[in-house]
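This briefing goes through the model sheet by sheet, then turns to one residue and to the confidence of the prediction. Please keep the sequence and the coordinates open while reading.

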Amino acid sequence: MQMMYSIVAQELKSKQLSGLHPQDYLNFYCLGNREAISDELSSAANGTAVSDAQKFQRFMIYVHAKGMIIDDEYVMVGSANINQRSMAGTKDTEIAMGAYQPHHTWAEKRRHPRGQVYGYRMSLWAEHLGMLDGSFKEPESLECVKKVNGIAEDNWRRFTSEEFTLLQGHLLKYPLQVDADGKVSLLPQQENFPDVGGKVLGVHSATIPDLLTT
């Protein structure tokens with residue numbers, strides 16, 4: 001993450017593009033939800049130990065799926081992770097499929113394609129952002145980036161608040177600060193994810209060899 005933001009920052013400087021930020025081009029998110037607990041569940045838990053996640057009515061969403069949508073033209077779904085273990089070709093066995101519509105490409109339309117790949121992306125965004133906005137039609141636009149980040153940042157504030165508030169969709173901004181030079185740092189007093197723990201910036205394992213994790 002640090003490496004990618006640094007590269008974006010360097011390119012912005014080399015092109016002398018003032019007033020732009022690395023997060024205008026590259027962003028990371030995670031998924032979560034806040035759910036009201038029914039009276040029945042609350043009564044059942046009365047007097048017993050409950051997890052912090054249940055107490056604060058918030059839950060991280062872990063989806064073990066890999067997908068990529070490129071320019072609303074091409075979609076890929078597969079099993080590989082973007083790491084050496086998946087990509088080296090000498091460790092895990094992976095499978096993937098890619099799809100596009102020949103009559104809904106940038107080359108064919110000479111404009112933004114609006115085929116089923118576009119429809120698939122918009123349906124995912126509606127699910128994760130809890131709405132559709134006109135700016136979503138042009139995901140590369142700065143207007144769209146700021147709209148999505150605004151929703152995701154507000155969702156993270158709601159998610160981490162001790163006061164129960166429903167989220168708008170499920171998309172959370174990954175809790176990091178990025179400066180104009182691409183340097184990544186923690187948000188104030190947010191070294192760990194709430195309730196479940198886990199370091200936001202991760203930690204190198206002293207017991208698990210890199211061969212098994214990269």
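Strand E3 and strand E4 (residues 74-78) run antiparallel and are joined by five bridges. The model is a predicted one, with a mean pLDDT of 90 for the chain. The points below are grouped by topic.

**Sheet E3-E4-E5**

- E3 and E4 belong to an open sheet of three strands, ordered E3-E4-E5, in which the pairing is antiparallel.
- Strand E3 (66-70) and strand E5 (96-100) each have a single partner strand and stand at the edges, so one side of each is left without a neighbour in the sheet.
- Direction ignored, neighbouring strands of this sheet are turned against each other by 15 degrees on average.
- Within the pairing of E3 with E4, Ile70 stands opposite Tyr74 in E4.
- Helix H6 (residues 116-129) packs on this sheet and touches E3, E4 and E5, while the direction of H6 makes about 125 degrees with that of E3.

**Sheet E2-E1-E6**

- Another open sheet is formed by three strands in the order E2-E1-E6, again with antiparallel pairing.
- Strand E2 (58-61) and E6 are the edge strands here, each of them pairing on one side only.
- In this sheet the average turn between neighbouring strands, direction ignored, is 45 degrees.
- Strand E1 (residues 29-34) is joined to E2 by four bridges, the two strands running antiparallel, and Arg34 stands opposite Arg58 in E2.
- Helix H7 (residues 142-160) lies across E1, E2 and E6, and runs at about 90 degrees to E6.

**Gln177 and its surroundings**

- Gln177 is found in strand E7 (residues 176-178) and has a relative accessible area of 35%, which means that Gln177 is partly exposed.
- When neighbours within four places in sequence are left aside, the contacts of Gln177 are with Lys183, Val184, Ser185, Leu186, Leu187 and Pro188.
- One of these residues, Leu186, offers its backbone oxygen, which the side chain of Gln177 reaches at 3.0 Å.
- Another, Pro188, is 11 residues away from Gln177 along the chain, and the C-alpha atoms of the two are separated by 9.2 Å.

**Confidence of the prediction**

- A pLDDT of 70 or more is reached by 92% of the residues in the chain.
- Confidence is highest in strand E6 (residues 171-173), at a mean of 98, and lowest in helix H2 (residues 39-45), at a mean of 61.
- Where pLDDT is low, predicted coordinates should not be read in detail.

How values were computed:
Residues are numbered from 1 along each chain as its sequence is written. This is a predicted model: local features need pLDDT of at least 70, side-chain atom pairs count only at pLDDT 80 or more; totals for chains, interfaces and linings use all residues. Side-chain values use heavy atoms; hydrogens and water are left out. Two strands pair if DSSP finds at least two bridges between them. Axes are lines fitted to C-alpha atoms, for helices over the stretch in contact, and angles run from 0 to 180 degrees between N-to-C directions. Contact means heavy atoms within 4.5 Å. pLDDT is the predictor's confidence in each residue, from 0 to 100. Buried means under 20% relative accessible area, exposed over 50%, partly exposed in between (1.4 Å probe, protein chains only). A polar contact is a pair of N or O atoms within 3.5 Å; within protein, one must be able to donate a hydrogen and the other to accept it, and residues adjacent in sequence count only if both atoms are side-chain atoms.
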